[in-house]
Amino acid sequence: MKTYTFVSFVFALIFHAGPFVLATEAGALASSTKSFGGYDYPNLYDEAMPMLWASKLVYSFAKLLEAGREGSLDLGDTFPPEVLAAYKDKRLDVRDMEGGNGLPYNKVVEIVVANAENLKEIESEWEYVGNIIQKIQAAEDADQSSDDFFLETFSSIDAATQCVYGVLKDNKNKRVVVVFRGSTDLSTRDWQTNLSAQLEGMKTPKLLKDSLKGKLKKRVLVHRGFYNYIFNNKRAKGDQRYDMILNDIKPFVEQGYKIYVTGHSLGAALASLLAFKLAGSDKSWIPKPVTCISYASPFVGTDGFRTAFTLLEQMGHIRYLRVNNDADTVPTIPPFSLGWKKRLYKHVGINLRLYDDSFILSHPNSNGWGFVNAVRNS
């Protein structure tokens, strides 16, 4: 996937996010409304860029932890003592650091920078990651409020069998962020997950059951590999990832934090399913809308999934932005399910498609886009 250039995102400065409402025209997003449900949302650029940084840095941070656990890299000079004591034989939980705030995100950046030479040997996209780090450092220099961003938990110790995710807290904007890592090498189940493109019945979220018809009242059809990785992983030792995430984010939500979910590639697919599940949940403590900003997401579900997802948008329960580069092939796969029953997969949400010097903003249900839009969103 090519680097997203600053020029490609400048247009977003004119948009104030408000809710990502389902609009008859994509241009309706250019609303000046920022407050929604008692919460002031940043503009689209300010929302999207931190999610992009997080979704890419999660790769490097996971690799550093893995190398430290294996003993191939000495992290003693760069990791805080509290972190070194916590990560060797269990998942990283640093919620008690910094007076209960967690590990400052700028410290995570410092750790990655301090291990730059080591990462160059194991990080295939180091040039891109290094560029992201420079942008983060520049943002911190210009706005010290970035010190209000903290890492809370990071689950990667069982990466051979389960998906990798982290939870971050943004004190400035009062949001808790779940970020999923995308695919890595064959030492994990990431690629087996990607290739398990059969259909799986996912229970229709309770908030939607009375508004859907036929079989959709009971289930929607989604990509089996992605679904199992979060909700039904037979190889998981202990809780499923979904249950772990709920436990991780609930304390912050109870303090008034909004839920954001992000990820790149495989991570984007997992983020999409998690956001859908949370947005449709009838758990009283889960605030709506849930916001998901995904990057280079492959297909996740069929037409019924799109129908249910769109309904959540119309109800104001989910805000979803799917960003992809026009030259990227990942968002085009898998076009249809594997197995005996073949179904076409469909994309969901508002799509920001980036070109070298332009962009297209669309939604699968937008009026006026016709055949081209239908093909673009399959």
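**A lysine patch and the surroundings of strand 7**

Lys203, Lys206, Lys209, Lys250 and Lys283 together form a positive patch on the surface of this predicted model. One of these residues, Lys209, is located in the loop that links strand 8 (199–203) with strand 9 (219–223). The relative accessibility of Lys209 is 35%, so this residue is classed as partly exposed, a class that lies between the buried limit of under 20% and the exposed limit of over 50%.

Strand 7 spans residues 175–180, and because 6 of its 6 residues are buried, the strand is largely enclosed by the rest of the structure. The side chains of strand 7 fall into two sets: Arg175, Val177 and Val179 point one way, while Val176, Val178 and Phe180 point the other way. Residues of both sets are buried, Arg175 and Phe180 among them.

Strand 7 is paired with strand 6 (residues 165–170) in an antiparallel arrangement through 6 bridges. Within this pairing, Tyr165 is found opposite Phe180 of strand 7, and Phe180 is one of the buried residues. The two strands make up a hairpin, with 4 residues separating strand 6 from strand 7. In the turn of this hairpin, Lys174 adopts a positive phi of about 55°.

Strand 7 is also joined to strand 10 (residues 258–264), again by 6 bridges, and these two strands run parallel. Here Val179 of strand 7 stands opposite Thr262 of strand 10. Strand 7 thus has an antiparallel partner in strand 6 and a parallel partner in strand 10.

Conventions:
Residues numbered from 1 in each chain as written. Predicted model: local features only at pLDDT ≥ 70, side-chain atom pairs only at ≥ 80, totals over all residues. Heavy atoms only, no water. Buried < 20%, exposed > 50% of the residue type's maximum accessible area, 1.4 Å probe, protein only. Pairing = 2+ DSSP bridges. Patch = residues over 30% accessible without salt bridge, like charges linked within 9 Å, V, L, I, M, F, W, Y side chains within 5 Å. Areas by Shrake-Rupley, 256 points an atom, 1.4 Å probe, with all protein chains shown as cover. Salt bridge = Lys/Arg side-chain N within 4 Å of Asp/Glu carboxyl O. Lys, Arg positive; Asp, Glu negative; His and termini not counted. Charge placed at Lys NZ, Arg CZ, Asp CG, Glu CD.
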